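Welcome! Take a moment to turn the model around before reading on, and then let us walk through it together.

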Amino acid sequence: SGASMASTVLSAVFHITSFGWYLLLVHLLLNTHADHAPTGVFLYAGQWKYLTFLNLFVVASFWILFTLDRSLVYPEALDKFIPLWVNHAVHTMVLPLVLLELFISRHRYPTRRTGLLILGTVSISYLLWVLWIYYAAGDWVYPLLGLFNQTGLVVFFSVSLLLVMLLYILGEQLTLLVWGITAKAKRS
């Protein structure tokens, strides 16, 4: 039908545009010369540390922490090194793109148990990577982590994991609200 074709075209345009946008960001970040960067900016994984997978968590946590104390996530020295629009492209534009995708792309979620298990595995792997960087380099990837003792880190990581899982469930529920029950994978 015409509506189905329009939805398919809109979805293709969105995904091609998003892909192009992030190719541009990758290009810009790869061509940023780390020799002029403030200390610790590219502590691990070079410019790739800005390309994260937990979109909504990144947007929310970044801007909350930035508002409370920007030095914890984005020190002022970065303003001279990374243009303001690139910061917004990485930390702000993600939200409208995720919301736009919600309305133009039907996603099929796995069973909640499977989805949360995969998300938990990826999240814990990332946290282990962050801890490894601290162990190997002696510096925290995110300055905020240096404020906590061991108990505080366990609480912070646990709350972060819980928030990520709640955002997953929110995304699942919003998808069901927008697209209906067919967006949920059938249980085998």
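Let us begin at Leu162, which is found in helix 7 (residues 150-179). Helices here are DSSP runs of H or I with at least four residues, while strands are runs of E with at least two, and both are numbered from the N terminus. What you see is a predicted model, where local features need pLDDT of at least 70, side-chain atom pairs count only at pLDDT 80 or more, and totals for chains, interfaces and linings use all residues. Residues are numbered from 1 along each chain as its sequence is written, and side-chain values use heavy atoms, with hydrogens and water left out.

Leu162 helps to make a nonpolar surface patch of about 430 Å², together with Val155, Val159, Leu163 and Leu166. Patches are made of residues with over 30% relative accessible area and no salt bridge; like charges are joined within 9 Å, and nonpolar side chains (Val, Leu, Ile, Met, Phe, Trp, Tyr) within 5 Å.

**The whole protein**

How many helices and strands does the protein have? There are seven helices and zero strands. The accessible surface comes to about 11900 Å², and 71% of that belongs to carbon and sulfur atoms. Such areas come from the Shrake-Rupley method with a 1.4 Å probe, and for residues only the protein chains shown count as cover. Of the 188 residues, 33% are buried. Buried means under 20% relative accessible area, exposed means over 50%, and partly exposed lies in between (1.4 Å probe, protein chains only).

**Salt bridges**

A search of the whole structure finds two salt bridges. The term stands for a side-chain nitrogen of Lys or Arg within 4 Å of a carboxyl oxygen of Asp or Glu. In one of them, the side chains of Arg70 and Asp79 meet at 2.8 Å, N to O. In the other, the closest N and O atoms of Glu172 and Arg112 are 2.4 Å apart. This pair links distant parts of the chain, with Glu172 in helix 7 and Arg112 in helix 6 (residues 112-137), 60 residues apart.

Is Glu172 buried or exposed? Glu172 is buried, because its relative accessible area is 1%. Arg112, at 30%, counts as partly exposed.

**Helix 2 and the aromatic rings**

Helix 2 (residues 55-69) has buried residues Phe57, Val58, Val59, Phe62 and Leu65. These pack against helix 4 (84-91), helix 5 (94-104) and helix 7, where contact means heavy atoms within 4.5 Å.

Phe62 also belongs to an aromatic cluster with Trp63, Phe66 and Tyr74. Rings of Phe, Tyr and Trp (its six-membered ring) pair if their centres lie within 6.5 Å; planes under 30 degrees apart count as stacked, over 60 as edge-to-face and the rest as tilted. By this rule the count comes to ten aromatic pairs, including the two below.

| Pair | Centres | Planes | Type |
|---|---|---|---|
| Phe62 and Tyr74 | 6.0 Å | 85° | edge-to-face |
| Tyr134 and Trp140 | 4.0 Å | 10° | stacked |

Phe62 lies in helix 2 and Tyr74 in the loop between helix 2 and helix 3 (78-81), so their pair ties together parts that are twelve residues apart in sequence. Phe62 counts as buried at 6% relative accessibility, and Tyr74 is buried at 2%. In the stacked pair, Tyr134 is partly exposed at 36%, whereas Trp140 is buried at 17%.
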